[in-house]
Amino acid sequence: MENKTCVNCMASRGASPIPEEAKWVQVKDIMQISGFSHGCGKCAPQQGTCKLTLNVKDGIIKEALVETIGCTGMTHSAGMACEILIGKTLLEALNTDLVCDAINDAMKQIFLQLVYGRSQSAFSEGGLNVGAGLEDLGKNWMSAVGTAYANEQIGPRYLNLAEGYITKLALDKNNEIIGYEYLNIGGLVKMLEAGEPYDVVRTKNCKTYGRFSEGVKFIDPRSK
């Protein structure tokens, strides 16, 4: 190498600018990263998944929302990861054991989103305020989890959808689902804690979706 001619490289113009909260930044340091974004990961046996939401300001994680579906170990790991993440830089978080494979995988995915300028707040001036992660949880601080099951013998069963816990399915004359009755669990728990009687609370938080009233047959999705 010492005897070879040195040729100047004119192609390098530095890092490509990326959008960081409505500013174009040539990022050279992790502390230049700001953004609000999401990452999804799965565990090694692929039996569970995690959605991780971070709000990063000047390289520091200010807000974390950890949502998991899977084994009981994963759900408890979410609590530990939530405590671990806050106050760390993106690099520290990337190189920290967040307990569960799926959460670690989600951290890797969200890191890529943020350092490549693909965050949800890339073009939002000043980004999103800390607390934005709670918007996904709604008024009752609960994740929207959809759970449906089906097999050839009994067909489909809606168990839990965005509105809440499904208590009844409405079927038409062809035994096809045309609506359902559901309980808003978050609202129900709030009212119970306020001391209201269960019968009143259940009535106020029990609603229907679709053409439920037109059903010719109603079944409990868990027992019938």
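Helices (H or I, at least four residues) and strands (E, at least two) are DSSP runs, numbered from the N terminus. The model is a predicted one, in which local features need pLDDT of at least 70 and side-chain atom pairs count only at pLDDT 80 or more, while totals for chains, interfaces and linings use all residues. Residues are numbered from 1 along each chain as its sequence is written, and side-chain values use heavy atoms, with hydrogens and water left out.

**Exercise 1. Locate Asp58 and Val99, and describe their backbone and their exposure.**

Step 1: Asp58 is found in the loop between β4 and β5, whereas Val99 lies in the loop between α2 and α3.

Step 2: Asp58 has a positive phi of about 50° although it is not a glycine, and Val99, also not a glycine, has a positive phi of about 80°.

Step 3: For exposure, the cut-offs are under 20% relative accessible area for buried and over 50% for exposed, with partly exposed in between (1.4 Å probe, protein chains only). Asp58 has 51% relative accessibility and therefore counts as exposed, while Val99, with a relative accessible area of 37%, is partly exposed.

**Exercise 2. Describe the overall form of the chain, beginning with its secondary structure.**

Step 1: The chain has 5 helices and 11 strands. Its radius of gyration (taken over C-alpha atoms) is 24 Å, well over the 17 Å that the globule rule (2.2 Å times the number of residues to the power 0.38) gives for 224 residues, so the chain is more spread out than a compact globule.

Step 2: Along the principal axes, the C-alpha atoms fill a box of roughly 90 × 45 × 30 Å.

Step 3: Of the 224 residues in the chain, 38% are buried. The accessible surface (Shrake-Rupley method with a 1.4 Å probe; for residues, only the protein chains shown count as cover) comes to about 13,900 Å², and 52% of it belongs to carbon and sulfur atoms.

Step 4: With contact meaning heavy atoms within 4.5 Å, residues 24 or more positions apart account for 51% of the contacts with a separation of 6 or more.

**Exercise 3. Check the span of helix α1 and describe how its buried residues pack.**

Step 1: Helix α1 covers residues 72-85, and its 14 residues should span 20 Å at 1.5 Å a residue; the end C-alpha atoms are 20 Å apart, which agrees. The expected span is 1.5 Å times one less than the number of residues.

Step 2: The buried residues of α1 are Met74, Ser77, Ala78, Ala81 and Leu85. An α-helix has 3.6 residues a turn, so residues three or four places apart point the same way.

Step 3: These buried residues pack against β4 (49-57), β5 (60-69), α2 (90-94) and α3 (101-115).

Step 4: Met74 has 1% relative accessibility and so counts as buried. Leaving out residues up to four places away in sequence, Met74 touches Cys43, Gly48, Thr49, Thr68, Ile69, Cys100, Ala102 and Ile103.

Step 5: Just after α1, Gly87 takes a positive phi of about 90°.

**Exercise 4. Find the aromatic pairs and state which residues the ring pairs link into a cluster.**

Step 1: Rings of Phe, Tyr and Trp (its six-membered ring) pair if their centres lie within 6.5 Å; planes under 30 degrees apart count as stacked, over 60 as edge-to-face and the rest as tilted. A search of the whole structure finds 5 aromatic pairs. One of them joins Tyr180 and Tyr182, with 6.4 Å centre to centre and 65° between the planes, and is edge-to-face.

Step 2: Both partners are buried, Tyr180 because its relative accessible area is 6% and Tyr182 because its relative accessibility is 10%.

Step 3: Ring pairs link Tyr158, Tyr180, Tyr182 and Tyr209 into a cluster.

**Exercise 5. Trace the surroundings of Cys206 and Ala148.**

Step 1: Cys206 is found in strand β10 (residues 206-210), and, leaving aside neighbours within four places in sequence, Cys206 is in contact with Glu181, Tyr182 and Leu183.

Step 2: Cys206 and Tyr165 are 41 residues apart in sequence and 9.5 Å apart in space, C-alpha to C-alpha.

Step 3: Ala148, in strand β6 (residues 147-151), counts as exposed at 56% relative accessibility. Apart from neighbours within four places in sequence, Ala148 is in contact with Arg157, Tyr158 and Leu159.
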